[in-house]
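Reader: I should like to see how the descriptive terms applied to this model follow from its computed values. Please set each term against its criterion.

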Amino acid sequence: MMTVIGIDISAQSFDLVSRRDGRNAKAVRFEQTAQGHARAIKHLKALKPKSIVMEATGVYYLDLALALHEAGLPVCVINPRSFRHFAELRLAGSKTDAVDAALLAEYAERMTPGLWHPPQPACLGLRDIGRQINRLVHARTQAKNRLHALSAKQTTPSLLIEDEHQGIAQLDQRIERLKQAALELIAQHEPLSSHLQHMGHAKGMGVASSVAILAELCTLPLELKSSQISRHAGLDVRINQSGTSVNKPGRLSKAGNAYLRSALFMPAMAAIRHEPRAKAFYEALVARGKKKIQALCAVMRKYLTGLWACIKTGKPFDASALFSDQHIAKA
């Protein structure tokens, strides 16, 4: 009988449960260190598992997944949302590290997830830089909002106004430094440089947006289809209809990569103003009764499909392949 493994990961340690013939072994705990990874690899090689399942929990899974992959072990990294639904389906009452590891082992046995293939180090580094830029941009927006609120009062001490100005200036410097680091990293790798150039052909795609989107897309397997990329970004529409009593309008799932959705928003806003085909498509959806935000999200989804095609095909962004000519004719 085949052996499958479930691993529940935390910041300091991880619990490992093996499952064979429908029965779970006792959980074994290892430290989240290089030495702990080495001991876990030795333990796993003796078991000869068919698959090792873990969740993509923040950043804590990555070093372990890389170590197991380099050791030639069959690693499967799954979406935490998928596992949470599985646990609910199994009516799991208790939640401990050992219980979750056992459930992950059962998930491996019943669901047979696909193997995980690690992205290239340059892509992982670019993604980390891109996400840090995203966090700093949000922090700068919050600082500007605070400055606006403080400036609206005549009683605000000038020291606070000066402090916010200094904080914003520092954030500007940090963001610019990281942008330059991202561009230098991209320039050192021909595939990334080519992707960035091809994505730049899309109207509304500035350097900052292109870097942010490329940072998220370059880590994904090339065999993914455009519909899978939309689901990854949380831009897929979920239909909620059941019988005659439930007939709710479709909504975005938002069960995906929030960094990617955030990076697509401003390019889509620019596209419905300056890209004739995207504008006609947007206006056609609004004329059919769609809300403006729904139509904008549809443009985001179309743009994401085109940008993913740039990476898969190695060709420049082509709006004519995304938007129908009939919308232009009716515009």
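**Helix packing and salt bridges**

Author: In this predicted model, helix α9 (residues 226-233) packs with helix α12 (residues 292-313) at an angle of about 120 degrees, and their axes are 10 Å apart.

Reader: Why are α9 and α12 called oblique to each other?

Author: The angle between α9 and α12 is about 120 degrees. Roughly perpendicular covers 65 to 115 degrees, and roughly antiparallel requires an angle over 145. The value fits neither class, and α9 and α12 are therefore oblique to each other. The crossing in which α9 passes α12 is right-handed.

Reader: What makes the contact between α9 and α12, and how is it divided by class?

Author: From α9, the residues S226, I229, S230 and A233 take part; they meet R301, L304, T305 and W308 of α12. Divided by class, the contact of α9 with α12 has four nonpolar, three polar and one charged residues. Ala, Leu, Ile and Trp count as nonpolar and Arg as charged, so A233, L304, I229 and W308 belong to the nonpolar class and R301 to the charged class.

Reader: At what angle does helix α11 pack with α12, and what is the handedness of the crossing?

Author: Helix α11 (residues 276-287) and α12 pack at about 145 degrees, with axes 9 Å apart. The crossing of α11 and α12 is right-handed. On the α11 side the contact is made by A278, F281, Y282, L285 and V286, and on the α12 side by K292, A295, L296, A298, V299 and K302. The residues of this contact of α11 with α12 comprise nine nonpolar, no polar and two charged. Lys counts as charged, so K292 and K302 are placed in that class.

Reader: How do you know that E109 forms a salt bridge with R19?

Author: The criterion asks for a side-chain nitrogen of Lys or Arg within 4 Å of a carboxyl oxygen of Asp or Glu. For E109 and R19 the closest N and O atoms are 2.7 Å apart, so the pair meets the cut-off. The structure holds eight salt bridges.

Reader: Why is the pair of E109 and R19 said to tie together parts of the chain?

Author: E109 lies in helix α4 (residues 97-111) and R19 in strand β2 (residues 13-20), so the salt bridge links parts that are 90 residues apart in sequence.

Reader: What is the confidence of the model, and which elements have the lowest and the highest mean pLDDT?

Author: The chain averages a pLDDT of 90, and 94% of the residues score at least 70. Among the elements of the chain, strand β7 (residues 237-242) has the lowest mean pLDDT, 60, and helix α6 (residues 158-187) the highest, 97.

Definitions and conventions: Residues numbered from 1 in each chain as written. Predicted model: local features only at pLDDT ≥ 70, side-chain atom pairs only at ≥ 80, totals over all residues. Heavy atoms only, no water. Axes fitted to C-alpha atoms, helices over the stretch in contact; angles between N-to-C directions. Helix = DSSP H or I, 4+ residues; strand = E, 2+ residues; numbered from the N terminus. Parallel < 35°, antiparallel > 145°, perpendicular 65-115°, else oblique. Left-handed = near helix turned anticlockwise from the far one by under 90°. Contact = heavy atoms within 4.5 Å. pLDDT = per-residue confidence, 0-100.
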